[in-house]
Amino acid sequence: MAERTVSDVLVERLRAWEVDRVFGYSGDGIDGVLGAMRRAGKPVFVQARHEETAAFMAVGHAKYTGGVGVCLSTQGPGAVHLLNGLYDAKLDSKPVVAIVGQQVSTVLGSAYQQEIDLVRLFGDVCAQFVQAAHTAEQVPMLVDRAFRTALATRSPTCVVLPHDVQTRPAPEPARHEHGVVTTSAGVRPARVVPRDSDVRAAADLLASGERVAILAGQGAYGAAEGLVELADRLGAGVAASLLGKPVLDERLPFHTGVMGHLGTTASARLMRECDTLLLVGTNDPWTEFYPAPGQARAVQIDIDGRRLGVRYPVEVPLLGDAAETVAALLAVVGRRDRRAWRERVETWVREWDAIATGRAEAPADPVNPQGLVRALNGRLPGDAMVAVDVGSVTYWYARHLRLPPGVPAHLSSTLASMGSALPYGLAAKLAYPDRPVVALAGDGAMQMNGLAELITVAARWREWADPRFAVCVLNNGDLAEVSWEQRETEGEPRFHASQHLPDVPYARWAELLGLRGVRVTSPDEVEAAWDEALTADRPFVIDAVVDPAVPLLPPLQPYEKIEPMYTGLAAEDTPLARRAAAHLRRERAGEGFTDPG
């Protein structure tokens with residue numbers, strides 16, 4: 001029998017932390033760890049096509065399961081590739097542990113091949129904990145600290161393992177002497193609830209408000225039932241941050257939808273008109289869409305004290321778990337008669353629904369992307385999991401897709417990195433192989449890494465109890481979000497050389513991999529494509545040719561904020577630009593504006 005090594009101890013420690021799978025890509029710098037994983041059989045090693053997507057998969061695992069995601073890479077370029085996914089974990093506050101190989105200790109400092117100062121490299125993204133192992137005895141302790149810190153701070157951490165440390169004999173588990181630290185795996189979460197006096201102060205403030213608004217973020221998961229009851233007692237309207245979209249049922253008549261640049265007119269009105277604001281588990285960065293400072297008195301609930309009062313002036317900051325704190329508020333908040341305010345909110349919701357329906361049904365060339373995403377409503381299975389990429393597709397998801405209660409949906413929100421949908425969807429499917437996945441991506445993200453990770457889908461789908469994995473590619477030949485940003489923020493015309501994307505036959509690529517696919521070039525084909533994708537006997541790609549002229553219009557902005565869009569479009573002076581200007585003018589009219597010109 002082979003002698004147990006430090007790598008065997010590492011793998012045993014991963015199992016002690018209940019790690020089911022490790023996402024990564026092989027390399028000589030982690031051969032010791034890979035050998036130990038082969039010998040143990042568990043955790044399962046999931047080979048991604050690139051270390052960046054392996055890190056995204058680890059983040060997706062953390063988001064869909066609530067556990068710790070783990071990624072593994074070799075030194076040098078492999079380590080560098082992890083950074084984007086780890087920053088996604090950092091900015092969206094998800095626990096991920098990165099295990100990274102390193103050259104043998106004796107060459108460090110010699111400018112050796114693939115030698116990078118990894119502790120310095122990961123020093124920002126894994127600021128809460130990054131350490132390199134120098135001895136065999138350190139490794140169990142470092143792994144335990146990495147997991148505990150990731151969970152305690154909801155952030156990525158990193159353990160660097162030089163190759164020679166990986167292959168050393170396993171340390172004695174019960175060694176007891178000066179300078180040797182023995183630790184154990186496991187942690188149990190605590191109840192975190194504010195003081196009674198602070199809860200009472202928050203309740204008094206909320207009860208005094210005439211026009212109460214609640215903004216729910218991802219930190220409100222688990223508090224949905226209590227939030228609905230609290231909103232009813234206060235007669236409040238409820239909006240969601242982008243990450244908080246799945247928390248509450250958007251069919252509620254007082255739910256105004258997503259707030260912010262890619263949000264709804266109803267949420268914009270709610271934030272503009274409220275006099276009292278309750279922030280629950282949100283760190284949404286769109287501060288210009290919050291109430292104006294001084295307009296509303298505010299209460300904030302967050303499990304992380306560093307975030308209290310950061311986005312808006314808060315009178316009563318409550319440090320605590322959202323569900324526990326909302327329950328404490330319900331114990332002291334009585335029912336208030338705020339029917340007039342609630343009726344206004346519900347009117348705004350109905351107005352937005354009419355606006356959104358009109359936009360989705362508007363003619364486009366050839367397919368309206370808003371109608372494409374909206375057609376998923378009523379078709380999305382109740383046990384589905386949704387993965388969303390970054391780009392124009394994020395706007396259509398935020399505004400048009402109504403998630404059935406309990407359906408999780410995740411994306412790279414705060415980092416806003418393209419290329420998250422396919423690796424997120426894979427992580428979700430590997431964790432729950434008996435549930436269908438729907439991944440929404442633009443053609444830019446699909447070309448960036450989605451085509452590669454579709455290979456991973458093709459390699460693994462036969463292992464899944466439910467083979468459904470529907471990928472919808474919004475194929476407009478354009479980096480559409482950036483094109484509209486160039487117009488909106490700079491008043492510049494679209495720069496064709498930077499924005500144009502080559503046409504790719506996405507459905508045919510899927511078929512080449514043994515999957516199914518269909519190309520959609522007419523609105524009449526949209527519903528049938530969704531039906532086929534959601535009943536297919538294997539993963540399915542919808543290659544939807546959509547109109548890049550449909551504008552990414554922020555809600556209820558004065559003309560001076562929108563005028564640069566018209567300026568940029570006029571400078572383009574192309575048929576597409578003229579069509580985009582017509583779309584823009586029509587959508588603005590739907591919001592009640594009559595723009596000059």
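This is a short tour of a predicted model, going from a helix pair to two cysteines and then to two loop residues.

**Stop 1: a pair of helices**

Start by selecting residues 51-65, which form helix α3, and residues 77-91, which form helix α4. Two packed helices are described by the angle between their axes and the distance between the axes. Here α3 and α4 pack at an angle of about 30°, and their axes are 7 Å apart. Angles under 35 degrees count as roughly parallel, so α3 and α4 are roughly parallel to each other. Turn the view until one helix lies in front of the other: the crossing of α3 and α4 is right-handed.

Now show the side chains where the two helices meet. On the α3 side, pick E51, E52, A55, F56, V59 and K63. Their partners in α4 are G78, H81, L82, N84, G85, L86, D88 and A89. Colour this contact by residue class and you will find 6 nonpolar, 4 polar and 4 charged residues.

**Stop 2: two cysteines**

Next, select C126 and C158. Are they bonded or not bonded to each other? A disulfide is a covalent bond between the sulfur atoms of two cysteines. The sulfur of C158 is 5.1 Å from the closest cysteine sulfur, that of C126, and because a disulfide needs the sulfurs within 2.5 Å, this is too far for a bond. C126 is accordingly in no disulfide, and the count for the model comes to 0 disulfides.

Switch on a surface while you are here. C126 has a relative accessible area of 0% and is buried. C158 is also at 0% relative accessibility and counts as buried.

**Stop 3: R211**

Move on to R211, in the loop between α8 (196-208) and β7 (212-216). Is R211 buried or partly exposed? At 30% relative accessibility, R211 counts as partly exposed. Leaving aside residues up to four places away in sequence, R211 touches E273, C274, D275, T276, W341 and R344. For a sense of scale, draw a distance from the C-alpha atom of R211 to that of A507: the two are separated by 50 Å, and they are 296 residues apart along the chain.

**Stop 4: D249**

Finish at D249, which sits in the loop between β8 (237-240) and β9 (255-258). Which residues does D249 touch, not counting those up to four places away in sequence? They are H255 and P405. Add L403 to your selection as well: the C-alpha atoms of D249 and L403 are separated by 7.3 Å, while the two residues are 154 residues apart along the chain.

Notes:
Residues are numbered from 1 along each chain as its sequence is written. This is a predicted model: local features need pLDDT of at least 70, side-chain atom pairs count only at pLDDT 80 or more; totals for chains, interfaces and linings use all residues. Side-chain values use heavy atoms; hydrogens and water are left out. Axes are lines fitted to C-alpha atoms, for helices over the stretch in contact, and angles run from 0 to 180 degrees between N-to-C directions. Helices (H or I, at least four residues) and strands (E, at least two) are DSSP runs, numbered from the N terminus. Angles under 35 degrees count as roughly parallel, over 145 as roughly antiparallel, 65 to 115 as roughly perpendicular and the rest as oblique. A crossing is left-handed if the near helix is turned anticlockwise from the far one by less than a right angle, and right-handed if clockwise. Contact means heavy atoms within 4.5 Å. Ala, Val, Leu, Ile, Met, Phe, Trp, Tyr, Cys and Pro count as nonpolar, Asp, Glu, Lys and Arg as charged, and the others, Gly among them, as polar. Buried means under 20% relative accessible area, exposed over 50%, partly exposed in between (1.4 Å probe, protein chains only).
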